[in-house]
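Work through the exercises below with the model open beside you. Try each task before reading its solution.

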Amino acid sequence: MDKFSVFIDNIKDIHDVEKAKNILFDVSKKFDTNKINEALEFAILAHKGQYRKSGEEYIVHPILVAAITTFFSDNEDMIISALLHDVVEDTKYEFKDIFLKFGANVAHLVEGLTKITDIRSHSLLPSNKIDEKLAKSALTFRNMLISSIKDIRVLVIKLCDRLHNMLTLDALKPEKQKRIAEETILVYAPISHRLGISTLKKYLEDLSFKYLLPSEYKKIDKFIKENKEDLTLRLNNFISKVEMLLSKNGISDFEIKGRIKHYYSIYLKMQRKGISIEEVLDLLAIRVLVKEKIECYESFGVIHLNFRPLISRFKDYIAIPKENGYQTLHTSVFDETNVIEVQIRTFDMHKNAEFGIAAHWKYKLDSATPNTDWLNNLTFENEKIEDFYELAKNDLFREDIIVYSPKFDTFTLPVGATVLDFAYAVHTEVGDKAKEAYVNKEKVSLLTTLKNGDIVKIITDNKEIPRCSWIDALKTSKAKLSARHLCNHRLKDVEQDIALNILYTIFNIDVQDLIKDNHLQNKIYKIVEDNNFLIDVVNKISKTIKSKDKFKHLFKRYKLKSYVFDNIKVLSNKNINDIEFSFCCHPKRGDEIVGFLENKKVVIHHKLCSTAIDLIKLKKEMVYVEWIKENTVSKYLMIVSLQNKKGELAKFVNELAKLNISIDSIELGVESDFCKVEVEIDEKKLDKISEKLKQSYHIIEWTSLKDAYNGKVK
């Protein structure tokens, strides 16, 4: 067991003030004891009479948070701030008291830590409890990041604070345990990952996993404990072989650390592959630590020459570090009947991997520094809090690939990123104007998924090209936000033109002066989305027309009629016999749509389809169209991977029944162990149901069968 693990095991069992003080002074010997003691006495006085849910004195918590923080910094101000992190929030003292007693730097850190938890009810706008919980987590998340832009030390202290909270979660009620664990795995673990602090990330994940999925955690824990002796024997046997081989080949100054993978990473592997823990081959891993970078490659050569490697598992993060500064050679090899992951890094790289950005405060390291530019790149304004949360989470916690520009500049993107994501990574303007792309010199679609090592060339137009129906296909927050911004900017102009075309079609005259007469010019675009507003505008304009020339317009019919065709409603004063959906943009149910009048038939396009934009500019006749919203039940195709064993299908069908999902058909053996299911689901509950199923099953595909251009549900 490593030093930090032993330390955390000790922390877990400390519940009284004296023991907490002893461990703090033991790990902070190198600091100014007088300063630490002064802060400690102040914190004890401030929190006097306060107790935690467990019944222990509250002061134990900040003392132990300060102790954990010493592992990640040699900065006294951080230790003192950790001791005082709850003083302003929970006691009578204010920032000015901290400032006067401990100086501006400590006060600044405490202020940042206090702002993170300063979530006021008036900031919460959602209408239901689920959304409220999401908004609270999102606000915590955003406040953490905003505070950290000014000083990233705030984030590290807050992560240490959360680790101690997770260690003492047993004292809380189950529902609160789950809420805190959810926030930890969604917010705190991803941030520790992005800062490169794997020590914290693994603890936060495993502790959250224990409370969120207790039965799955117990299964893994039971298996590891029952097989620990055998696993340890196999691991030690492999380590002995590697030690002998490295020594034999002239590598002398090295250390090998063996480990059984942490529980949450095992669980994720089981979910990704749809297998049980008994089927996980690579539960074991070793780390080879050497002095020089060249010895990493020499050690790698020795291991590959003596053990059969799994070539697909080799990754070189030394030559191309991850954005969080992580540098290691990864490979997996066969040893008799075992598959063992091997990581090779220098001692400096190891410190960097374990402690991330904090390691660069404690040591002068010969390793990559975590890139924190992502903090400055996140957009905090003009975004719904939930949207910001989802976008930022996507950037924070992801598996990465490396791709190259034609000049071999490197770009780190998430797995699944498209060519257009790359274009936006190069520059917002390149993404907005991208018209063609070449991957490895072959022309491809801008939505092509990139692979590790691809060389990407983007050809730009001289004008911006909005691709609003593509936003959901993009992976990075920068691409999503930039594309959305471009579309929103363009959308208002387009809706203004659509509104004028709809009114021109109704009145057969230029209505711009009539719009001004009724003071509607700044809100006329609203008729595209609001049929009641359209009716109101038509009534106002028709009255204005008749008042100007009553006789001429006496027999004109401006009253709108409502037509319903399958799932589309049309408003017009013209005779309409039918609708059809354009195949150029394939509008699907829920997409924003527009309708063009052609010989008593309405042709439906996506609102920002390029063909539709051209027709709008040509002032083609248009009518008001909208989706009929009454029925929210839709059909979906689901392809799920089920284990090929007795009772699995019955278990799956039972799970669908519990979720009130109606099954239309089931087809087995679509591909190997895949099961094809057509179901009916209330669209409002789709996201919740989808997430629930993904917790237990490997969903290969989930597709709506309500393609509007087919006319009817398949």
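The exercises go from the whole chain to one helix, one residue and one strand.

This is a predicted model, where local features need pLDDT of at least 70 and side-chain atom pairs count only at pLDDT 80 or more, while totals for chains, interfaces and linings use all residues. Residues are numbered from 1 along each chain as its sequence is written, and side-chain values use heavy atoms, with hydrogens and water left out.

**Exercise 1. The whole chain**

Task: Describe the protein chain by its secondary structure, burial and contacts.

Solution.
- Start with the elements. The protein chain has 28 helices and 21 strands. These are DSSP runs, numbered from the N terminus: H or I over at least four residues for helices, E over at least two for strands.
- Next, burial. Of the 714 residues, 51% are buried. Buried means under 20% relative accessible area, exposed over 50%, and partly exposed in between, with a 1.4 Å probe and protein chains only.
- Then contacts, meaning heavy atoms within 4.5 Å. Among those between residues at least 6 apart in sequence, 65% join residues at least 24 apart.

**Exercise 2. Helix α25**

Task: Test the span of helix α25 (residues 531–548) and find where its buried residues lie.

Solution.
- Take the expected span as 1.5 Å times one less than the number of residues. For the 18 residues of α25 that gives 26 Å, and the end C-alpha atoms are 26 Å apart, so the two agree.
- List the buried residues. Among them are Phe 533, Leu 534, Val 537, Val 538, Ile 541 and Ile 545.
- Look down the axis. The buried residues fall within an arc of 165°, so they line one face of α25. The arc is taken over the directions from the helix axis to the C-beta atoms.
- Turn to the other side. Asn 532, Lys 543 and Ser 547 are exposed there.
- Identify the cover. It includes α23 (477–507), α24 (512–517), β13 (568–572) and β17 (622–627).
- Check the start of α25. A side-chain oxygen of Asp 530 comes within 3.0 Å of the backbone nitrogen of Asn 532.

**Exercise 3. Ser 542**

Task: Is Ser 542 buried or exposed, and which residues does Ser 542 touch?

Solution.
- Place the residue. Ser 542 belongs to helix α25.
- Read its accessibility. With a relative accessible area of 10%, Ser 542 is buried.
- Look at its side chain. A polar atom there lies 2.9 Å from the backbone oxygen of Asn 539.
- Leave out residues up to four places away in sequence. Ser 542 then touches Phe 507 and Tyr 558.

**Exercise 4. Strand β16 and its hairpin**

Task: Work out how strand β16 (residues 601–606) pairs and how enclosed it is.

Solution.
- Apply the pairing rule: DSSP must find at least two bridges between two strands.
- Take β14 (residues 578–581). It pairs with β16 in the parallel sense over four bridges. Asp 578 has Lys 601 as its bridge partner in β16.
- Take β15 (residues 593–598). It pairs with β16 in the antiparallel sense over six bridges. Val 594 stands opposite His 605.
- Count burial. Five of the six residues of β16 are buried, so the strand is largely enclosed by the rest of the structure.
- Inspect the turn. The hairpin of β15 and β16 has two residues between the strands, and Asn 599 takes a positive phi near 50°. Lys 600, in the loop between β15 and β16, has a positive phi near 65°. Its relative accessibility is 45%, so Lys 600 counts as partly exposed.
- Set this in context. Most residues other than glycine have a negative phi.

Definitions and conventions: Polar contact = N/O pair within 3.5 Å; in protein donor to acceptor, adjacent residues only side chain to side chain.
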